[in-house]
Amino acid sequence: ACATCHGPDGEGGQTMIHMQVIQAPDITIGSQDGEQAEGTDSGDGHEHGEGQYDIDTFRQAVVAGQHPDGEPLGPAMPRWQMGDSDLAALFDFLQSLP
């Protein structure tokens, strides 16, 4: 489901959701060596997420719909209910993307 908006490589881009064009942000998190993506414009005209994503801020985004800075994600971003093991597997996958 993530690739529908964020693309198969997680780099985001323009997409159409509910007859509205949105700019889906890059969701690549970085490599296992600690390098992580910086914040991106989430389509609401503001730069968010300057404090990088770790598993806790990732959970905050995916489940609670909040940027690492506590601001809400845009309404086009679904809020997902997922267990800790599924969330960890998704986080690991996003870290593996180049």
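**Notebook: Arg 59 and Thr 57 in helix α2**

I looked first at Arg 59, which forms a salt bridge with Asp 56, the closest N and O atoms being 3.3 Å apart; I take a salt bridge as a side-chain nitrogen of Lys or Arg within 4 Å of a carboxyl oxygen of Asp or Glu. I note that this is a predicted model, in which local features need pLDDT of at least 70, side-chain atom pairs count only at pLDDT 80 or more, and totals for chains, interfaces and linings use all residues. Residues are numbered from 1 along each chain as its sequence is written, and side-chain values use heavy atoms, with hydrogens and water left out.

Arg 59 and Asp 56 are 3 residues apart in helix α2, so about one helical turn separates them; helices here are DSSP runs of H or I with at least four residues, numbered from the N terminus.

I then found that Arg 59 also forms a salt bridge with Asp 84, with 3.4 Å between the closest N and O atoms. This pair links distant parts of the chain, since Asp 84 lies in helix α3 (residues 84-96), 25 residues from Arg 59. I recorded Asp 56, Arg 59 and Asp 84 as linked in a network of salt bridges.

For accessibility, I call a residue buried under 20% relative accessible area, exposed over 50% and partly exposed in between (1.4 Å probe, protein chains only). Arg 59 is partly exposed at 29%, and Asp 84 is exposed at 55%.

Finally I turned to Thr 57, which lies in helix α2 (residues 55-64) and counts as buried at 14% relative accessibility.

Key. Helix = DSSP H or I, 4+ residues; strand = E, 2+ residues; numbered from the N terminus.
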